[in-house]
Every structure is written in structure tokens, then in C-alpha cells.
Amino acid sequence: MNLKCDFMSLMEKILSKSNSYNYYKNNFKKLNRENKKLKKLNKENRIAKINHDSAKIELSKKQNQISYLKRGLINRDNEINFLKKDLKNKQTIIKELIDENDEFEEDNELYKQQEIELTEINRQQKMELEDLRIMIPREAARKYYYKKVMGKELNLDDPKDFNEKINWLIVNKYGEREGRLTDKALVKEIIAEMNIDGLIIPETYRTYTDADDIDLDELPDRFVLKSNHYSGRVYICTDKSEFDLDEARKELNEQLKKSFTAKTLEYHYNYIKPCIIAEEYLDDSEHKMPLDYKFYCFDGKVDNIMLCTNRGKNLLLDDYDTEWNLRKYSFDNFTSDEENEKPDNLEKMVEIAERLSEGHTFVRVDLYNINGKIYFGELTFTPANGMIDHYTQESLNLLGSKLILPKD
């Protein structure tokens, strides 16, 4: 009897343990299912956060583009308002002159002379203002000029993007060496002494210190006229019988009078002795103007290639790496929709650009590629005067990270 009771008691305990086991087993399965659901929710939350962050980045890009366009519109409006006021002032002055002299309208020659004198007065006043700008300390002058053009403060204490670092170099480093290499006449002589294999330097036929000395009979049928120190109009002659020499002389003499340093505050231009160059016309059978390849070189290495097309019309700018992979550096309205063909001798062009950029923190090397032949264009240390507006801010930051400023 006692044995039976003990057996029954044992069975009850086993059954109780079994029920407890099943209870905990079922709870464990339930918790496991809940845990899987929680993991799934966490994964969905992470994906949602990534999508949210991507949307924020895209929104920021769009806002930057909108800000850029707004700034451009404001700058254009300011320019238009300034021109309107200037025109109104000139009209007022001319009207006052007419009122003061009853015979003025009857004497057309006198009227024209008054206009010429007013134009000359305006030109002299502008030159005087530009000369005064040179007297301002470089850092203060560049900061004022940058804010006026770009609409924002210039950070020279801790420059980050490409524009800021170019401005830092203008203020702190650029001098006579950069001036000599920026001189469109002298740089040819310097590069010729380097004897770079595969590089053709366009021939200089004549140089002039006075455009009135230009004699078409001394020049070939096709040629180019330009000043060596100025980023202004270039005169291309493809037919002497249709070339307006008087207009070219007038404009080029005006360029000779102008100080590019005073105009743009690029101080290394002050080391250039102004002159006019008559040089070889580069014939490209496919384009009215040859394709312009601009190699951005950092410490002697090419990092970016900007191809300029559609010159003389709506200039288009497309950027590539050294393997000719397209880079979306510029805003869409500055880029072309067409696929630009990779030059067969691109590797040679990169080699030449790197040879020309040796020893420089940064320099842009401009080359032409015509029928497989590589021609020298120019060296530029201050693209767009350190105020590039066609690159996105993201691109400017990226290029800025590759420009390592000297510490000494």
C-alpha cells in the first residue's frame, strides 16, 4: 500500500514537472517569435533611417542649388540696377550739357566729342578706383572682393573648399614665379627650355608694346592676336581681307593700359610686363575652336580633367578622371548632354601636364589636342580668380581636400 502511494506521488511529481516544462517551452517559443519580430522591426527602422538620411542629403543638395540660383539672380539684378543708374547719370549729364549750350544739338561733332570725353572720364575714374584697391592689404581686399562676387564670407583662417584655398594662395604665396609662368609670352620660352617630348608650343610671330605697330604684311594669312597679361578678348584672323585691324588695335591698346592686378586682385599679374602677341592659329578641322583640355594638377599629379566645348557660344564644361570616367562636378546647366570622345593619346597628355606641374602646390595646365598632336595652351594658378561658380559645393569641397596648402 505504501509502495503504491509512493508510486502515485512520484507520477504526480513527474506530471507536474512535465507541465512546467511544456509551459516554459511554449513561453520560450513565444518569446523567440517576439524576438524575431523585434529584429525585423529594427531592420526596417534602420532601412527607414538610411532612406531618411539619403532624402535629407538630396534635399540639402537641392537647397544648395536653389541658393546658388537665387544668389546668381540677386547678383544679376544688382548688376542691372547698377547699369541702369549709370546710364541714367550719363543721360542726366548729357541733358545738362545740352541745356547749357543751345548750339550743342546743332553741332554734331561737339556732341560726339562730349560723349568721348565722358567715356574717358569714366574710364579714368574706374582705373583710379582699381589703383586704390591695390593699396588695401591683400587679405582685407580679397575678403571684400570675394563677398561682393560670391555673396558670402571668405574663410582664410581655416580654408576648406577649393575656392577658399586658391584665395589663401593668392594672399600668402603667389608672387614673381607664378607671374612669369602666367605671362602668355614668357611662359613659352620657359617651357621650350624644358624640351618636353610630344609637346608642341604654338609659334609666336611678333610681340608689340603698341597695337598701332601691328603690320598685317608681316604676319601669315591666319594668326591670333592677344595680350599676354589679360583675360580679355582674343582676335582671330582666318582671312586678312575681312579682318578689322582698326578694331583690334583699339581694343588691344585698351588692354595694354589696364592692370589685371588692379582689376581682379590677382597680385602675381603685377610681375608681368604687358605686351601683345601675334601667334600661330591652331587649325582644328572638326571644330571652329579646338577642344580645350584643362588638367587640374595637385603637387605634380593630375587629378581632374575639365573639357571645354562650345566656346564662343554657350560654354560647356565636363569633368573626367585620368581614365576618362565622367564626373558630375558642375551644375547641370553647365554640362553637355553629349558623350565626349576620349583622346587616343590621353595618357601622353597626362604625362605632359604632370611634367609641367612639377614643383607646384596647384596649377591648371591647359592643352589642346589637334589631330593627335598636343599643343601647349597656358598655365593658370587661379582658375576663375578663386571664385568658381559652376562647380557644386560638394565638388568644391572634394577638390579642396586634395589641395594641401604649404605650412611654411
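**A walk from the core to the sheet**

The largest nonpolar core gathers 56 residues, and those with the most contacts inside it are Phe162, Leu199, Phe295, Leu356, Val365 and Leu367. Keep in mind as you look around that this is a predicted model.

Leu199 is a good residue to click on first. Setting aside neighbours within four places in sequence, Leu199 is in contact with Ile191, Ile352, Leu356, Leu367, Ile374, Tyr375 and Phe376. Two of these names, Leu356 and Leu367, are also listed among the core residues with the most contacts. There is a second, separate core as well, with 16 residues, including Ala211, Ile214, Leu256 and Ala278.

Ala278 leads us on to the sheet, where Ala278 of β5 stands opposite Arg206. How are the strands ordered in this open sheet? There are 4 strands, in the order β2-β5-β3-β4, and their pairing is antiparallel. Strands β2 (204–208) and β4 (235–237) stand at the edges with a single partner strand each, so one side of each has no neighbour in the sheet. From one strand to the next, the twist averages 15 degrees. As general background, strands of a sheet pair through backbone hydrogen bonds, in either a parallel or an antiparallel way.

Now follow β5 and its two partners. On one side, 4 bridges join β5 to β2, and the two run antiparallel. Here Thr204 stands opposite Glu279 in β5, and the pair of Arg206 and Ala278 belongs to this part of the picture too. On the other side, β3 (residues 223–227) pairs with β5 in the antiparallel sense over 5 bridges. In that pairing, Phe223 stands opposite Glu280 of β5. Is β5 mostly covered or mostly open? The strand is mostly covered, with 4 of its 5 residues buried.

Finally, step back along the chain from β5. Where does His268 sit? His268 lies in the loop between α8 (260–264) and β5 (276–280). Although it is a loop residue, His268 counts as buried because its relative accessibility is 1%, and the cut-off for buried is under 20%. Its surroundings can be listed by name: apart from neighbours within four places in sequence, His268 is in contact with Tyr174, Gly175, Glu178, Gly179, Thr182 and Thr382.

Note on methods. Residues are numbered from 1 along each chain as its sequence is written. This is a predicted model: local features need pLDDT of at least 70, side-chain atom pairs count only at pLDDT 80 or more; totals for chains, interfaces and linings use all residues. Side-chain values use heavy atoms; hydrogens and water are left out. Buried means under 20% relative accessible area, exposed over 50%, partly exposed in between (1.4 Å probe, protein chains only). Contact means heavy atoms within 4.5 Å. Two strands pair if DSSP finds at least two bridges between them. Axes are lines fitted to C-alpha atoms, for helices over the stretch in contact, and angles run from 0 to 180 degrees between N-to-C directions. A nonpolar core is a set of buried Ala, Val, Leu, Ile, Met, Phe, Trp, Tyr and Cys residues joined through side-chain atoms within 4.5 Å.
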